[in-house]
Amino acid sequence: MNVSALLTSVGINTGLCAVLLLLYSILRKQPSNVNVYFGRRLALKRLAHNDPFCLERFVPSPSWIVKAWKTSEEEILGIGGMDAVVFLRIVVFSIRVFSIAFVICFLLVLPVNYYGNGEIHHKQISSEQMEVFTIENVKEGSRWLWTHCLALYIITCSACILLYFEYKSISQMRLAHITGSPTNPSHFTVLVRAIPWSSKESYSDSVKRFFTNYHASNYLSHQMVYRSGRVQKLMTDAEKMYMVIKAASIEQNCKPSLMQHGLCGQPADSFNILPSEDGSVSGKSVVNMELGKSTKESAAAFVFFKTRYAAVVAAQVLQSSHPMLWVTNLAPEPHDVYWSNLCIPYKQLWIRKIGTLVAAIAFMFVFLIPVTFVQGLTQLDQLQQTFPFLRGLLKKKYMSQLVTGYLPSVVLILALYIVPPIMMLFSAIEGSISRSGRKKSACCKVLYFTIWNVFFVNVFTGSVISQFNVFSSVKDIPTQLAKAVPRQVTFFTTYVLSSGWASLACEVMQIFALFCNLCKRFILRNKDDSSSGTLSFPYHTEVPRLLLFGFLGFTCSILAPLIVPFLWVYFVLAYFVYRNQILNVYVSKYETGGQFWPIVHNTTIFSLTLSQIIALGVFGIKRSPVASGFTFPLIICTLLFNEYCRQRFLPIFKTNAAEILIEMDRKDEQSGKMEEIHRQLRAAYYQFTVASHETVASHELCKFECLSHGAKKSSPDPKNVKPGNEPRQRNGSQTVHCDVEENRMK
């Protein structure tokens, strides 16, 4: 592919991005699109709708970019949680690393590549082949290959230094998140699975007997998990019907109260909450007993302990001499529980994991078909031989540039859209007990899948005809990579343009949500701006995308420096787009506490190591023993650095430190909060949710937050709440301050 074909792809993607961003700056101002572009604010009821008609609404403006730039990290932490901050740290880390790579590669590597074959006079740049700008253009035995080795050292050392400080900072942030966040009921709760069945007693009695016998001093109470597939579906359907009836009552100018369950504010008897004498919510217990009559207990339960430290110890030790019985894990947060997977028999989990692994591998091999077809499009000569009837069309200059420079990456992007939903399904089948765990597992699967198919398969399959000959020489992988990667860098560059720049423009536009909103308003004639469709941030798709582009940047930077500026522009644009989406669109329903960063660290180390191995093979092919000799110690030092970080920081992300938990327990005991925490623990984990009961759960979780900040503080005026200090979103419902919530319950 020549430079003109690359410029065609650049022009198409730049124009597409500019048009979409201009449209977004106009559409976001329209009141009819408020539920598309301001879903988070709408869910928090902090968005005014009395916007009069004015011409300014139809004039593009960069106000959203300014707002995203001015928002501090503390505000992002308060709005999107720690996972949002970690995600943006990935973007910032990439901007810093590739800023350094941009300068080094364009000052040292690119001139050497361009004049590396000894030719002083070249064609016009637009007519040059892309190989002229890669390391393939450097002749064998050139004494200038030391510049590539030096650039590799600078990029690797810069990345490792930045990785270390980011890992250290995020580790400290995680510790502060544990100690400074509101009281978390999951710190006192252990999920017990594989409870042995007994004909003499129920599962509940077995749990009580076991933990009163072996954890008598720390055991508090427990709550069983019920097999409730059909019951839960009926409850969900009832809740949806209630929302429809409520919307109809609003249209009839009825004034619904926050606790209504019928038309015009008349309460429904089936969903009443019974108050108790001590002021706590006992309606939940009544509903639990009623549902318990119609449901069966499963071999799983939430066990509550008196202290955080006791819960951690119980979760980590082996409870029985039979490892497949009485299996314990720290419970996820209440809104993070993936209830449908708790009833899965524990003995099935290893079979499920093997099955999903086999299915994922099979899906990878099936996906070779579209990837190989894409690579066939990049080879114009072989494409003409395979499809002779296209020769006349492909001889046209513009058409050949479009087919080789733009079409392959678009076809691959469209094929990759089916990957995240399938991987999310595989992660759910595996049996994850939390929604965040399912999303983290899907993130890893999507990451491995995209790296394999976008990089390795594209490298080893030059065309449909030659794909079977490539795999016959897998034993010489470093040499194969050294030969194949520079030839495919042009495809990776166009992929960054199409999948990177264009995807960011589509992300900020929310094309699917906008289309659904238009259909709802103009076809279904529904004008209700409901926040029921608020979205959580798609970490399982966006984190792999960022890491894939970082992977391509590290492996290709010294081989073909022209990819670096396009990557740098992508990360800069991503910084503004994702900050805007976190501020306005996505709701933080649950989080992992920064668990995505170890994935980022490991992927970056893998990218650096692979880039060094490829450089080692290239230096061997180019017969540069000096550069090859200096690359060996760099590989060893990178692996040693990774091992140090793994020992120093990774344990913080795997388990909570005992000293921190003990100090938190002592602080709560001294302040007198522990008894109140114990009273509210059982209400935190509630399996059956309908409209009234969500209010109860919100009330109980709100009390947990009050316990860590003082339950008697008055609720601030919503008009005076600054961005970033807004109450955290819980499970997609409106979060209110404690005094307001208590008044609502009264």
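This report looks at the cavities, the salt bridges and one surface patch of the structure above.

The structure is a predicted model, in which local features need pLDDT of at least 70 and side-chain atom pairs count only at pLDDT 80 or more, while totals for chains, interfaces and linings use all residues. Residues are numbered from 1 along each chain as its sequence is written, and side-chain values use heavy atoms, with hydrogens and water left out.

## Space inside

Let us start with the empty spaces. Rolling a probe the size of a water molecule over the atoms shows where empty space is left. Here a cavity is a set of points, on a 1 Å grid over the protein atoms alone, where a 1.4 Å probe fits but cannot get out; a residue lines it if one of its atoms is within 4 Å of a point. Points are joined across faces, edges and corners, and the volume is the space filled by probe spheres set on them. How many cavities of 30 Å³ or more are there? The count is five.

The largest cavity has a volume of about 150 Å³. It is lined by 17 residues, and F537, Y539, V587, S588 and Y590 are the closest to its centre. Two elements, α5 (73-114) and α18 (435-460), give two or more residues to this lining, and α5 gives the most, with four. These helices are DSSP runs (H or I, at least four residues), numbered from the N terminus.

The second largest cavity holds about 80 Å³ of space. Among its 13 lining residues, S94, L547, G550, F554 and T604 lie nearest the centre. Helix α5 appears again, since α5, α22 (539-556) and α24 (597-621) each give two or more residues to this lining. Here α22 gives the most, with five residues.

What classes of residue line the largest cavity? There are nine nonpolar, five polar and three charged residues. The lining of the second largest cavity has eight nonpolar, five polar and no charged residues. In this scheme Ala, Val, Leu, Ile, Met, Phe, Trp, Tyr, Cys and Pro count as nonpolar, Asp, Glu, Lys and Arg as charged, and the others, Gly among them, as polar.

## Salt bridges

Side chains of opposite charge can pair when their charged atoms come close. A salt bridge is counted when a side-chain nitrogen of Lys or Arg is within 4 Å of a carboxyl oxygen of Asp or Glu. The structure holds twelve of them, including these three:

| Pair | N to O distance |
|---|---|
| E73 and R89 | 2.9 Å |
| R96 and E166 | 3.3 Å |
| R209 and E201 | 3.0 Å |

R96 lies in helix α5 and E166 in helix α6 (residues 146-180), so their pair ties together parts that are 70 residues apart in sequence. E73, R89, R96 and E166 are linked in a network of salt bridges.

Are these partners buried or exposed? Buried means under 20% relative accessible area, exposed over 50%, and partly exposed in between (1.4 Å probe, protein chains only). R89 is buried at 12%, and E166 is buried at 7%. E73 is partly exposed at 35%, and R96 is partly exposed at 42%.

## A patch on the surface

W350, I351, I354 and V358 form a nonpolar patch with about 430 Å² of accessible area together. I351 lies in helix α11 (residues 349-366). Patch residues have over 30% relative accessible area and no salt bridge, with nonpolar side chains (Val, Leu, Ile, Met, Phe, Trp, Tyr) joined within 5 Å and like charges within 9 Å. The areas come from the Shrake-Rupley method with a 1.4 Å probe, and for residues only the protein chains shown count as cover.

Notes: On a 1 Å grid over the protein atoms alone, a cavity is a set of points where a 1.4 Å probe fits but cannot get out, and a pocket is an open set with protein on both sides within 12 Å along at least five of seven lines; lining residues have an atom within 4 Å of a point.
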